[in-house]
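Work through the two exercises below with the model open, and compare each step of the solutions with what you see.

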Amino acid sequence: MSVERTTAVGGMETSYGFKRVGAGEKQSLVNDVFHKVANRYDLMNDLMSAGLHRLWKDAMVAWLHPPKRPDWSVLDVAGGTGDIAFRIVEASGRNAHATVLDINGSMLAVGRERAEKKGLSANIDFVEANAEELPFSEATFDAYTIAFGIRNVPRVDVALAEAYRVLKPGGRFLCLEFSEVDMPLLDKVYEAWSFNAIPRIGKVVTGDGEPYSYLVESIRKFPNQVNFASMITRAGFDRASFRNYSGGIAALHSGWKL
């Protein structure tokens, strides 16, 4: 694959998969993708991770280790369907409060419905807003989480700065994202699966393969683990680190506001 990843310097703001778009155009294109896949979001992640995303999300929440006290709050960004928020609330013994923020109303509608069915509505708020312009005051949350969403934000550096702003001193940033495979054989197998199989399966299952083509291309364009860790540090976070899962298919990044 000849297409190169963007670096810590930037480039995602004009990258819609492998296509270059004008400044300000990406967000509406991404919104359309998620309107199309909202009701198939879990299936989408199952296809893109062979079902492993469920284990990676469990590992993310385990590393966060939310306390079992009612005054602890987390902001889960780009988490419209509630996957991470549900796990965090349950891990806290249903004591924590989660605010799920997503720019896509279709995704949030799915999340609200799921929260009601799980009996978690009292623990979770759903807010439609942009990760680049969070509608919260400084030092509001104890933790900020984002899973498989930050590569879809046009200005990643702005989103990271906003994450830092709304966290309390001592707050934790965690980001789970598809990343760069670091195993020679696995990278070829995963690339073949991603670019050949996933869009075709997506078209069969949902009738539209284009959203899946964008999503796998966006993975290939996103900065690798080292470069993204540098961006987190540049945003002001201390002790930036990451853990690879499944040979680097996904990486979990951590940072602290100290």
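A cavity is a set of points, on a 1 Å grid over the protein atoms alone, where a 1.4 Å probe fits but cannot get out, and its lining residues have an atom within 4 Å of a point. The model is predicted, so that local features need pLDDT of at least 70 and side-chain atom pairs count only at pLDDT 80 or more, while totals for chains, interfaces and linings use all residues. Residues are numbered from 1 along each chain as its sequence is written, and side-chain values use heavy atoms, with hydrogens and water left out.

**Exercise 1.** Determine which residues line the second largest cavity.

*Solution.* Begin with the count, which comes to two cavities of 30 Å³ or more. The lining of the second largest cavity consists of Tyr41, Lys57, Asp76, Ala78, Gly79, Thr81, Asp83, Ile84 and Ala147. For the largest cavity, 20 residues form the lining, and Ala78, Asp102, Ile103, Gly149 and Asn152 lie nearest its centre.

**Exercise 2.** Establish the strand order of the open sheet and identify the strands at its edges.

*Solution.* First, take strands as DSSP runs (E, at least two residues), numbered from the N terminus, and count two strands as paired if DSSP finds at least two bridges between them. Seven strands then follow the order β5-β4-β3-β6-β7-β9-β8, with mixed pairing. Next, β5 (124-128) and β8 (238-245) each have a single partner strand, so one side of each edge strand lacks a neighbour in the sheet. Finally, β8 runs antiparallel to β9 (residues 250-256), to which six bridges join it, and tyrosine 245 stands opposite alanine 250 in β9.

Note on methods:
1 Å grid on protein atoms, 1.4 Å probe; cavity = no way out; pocket = protein on both sides within 12 Å on 5 of 7 lines; lining within 4 Å. Points joined across faces, edges and corners; volume = space filled by probe spheres on them. Helix = DSSP H or I, 4+ residues; strand = E, 2+ residues; numbered from the N terminus.
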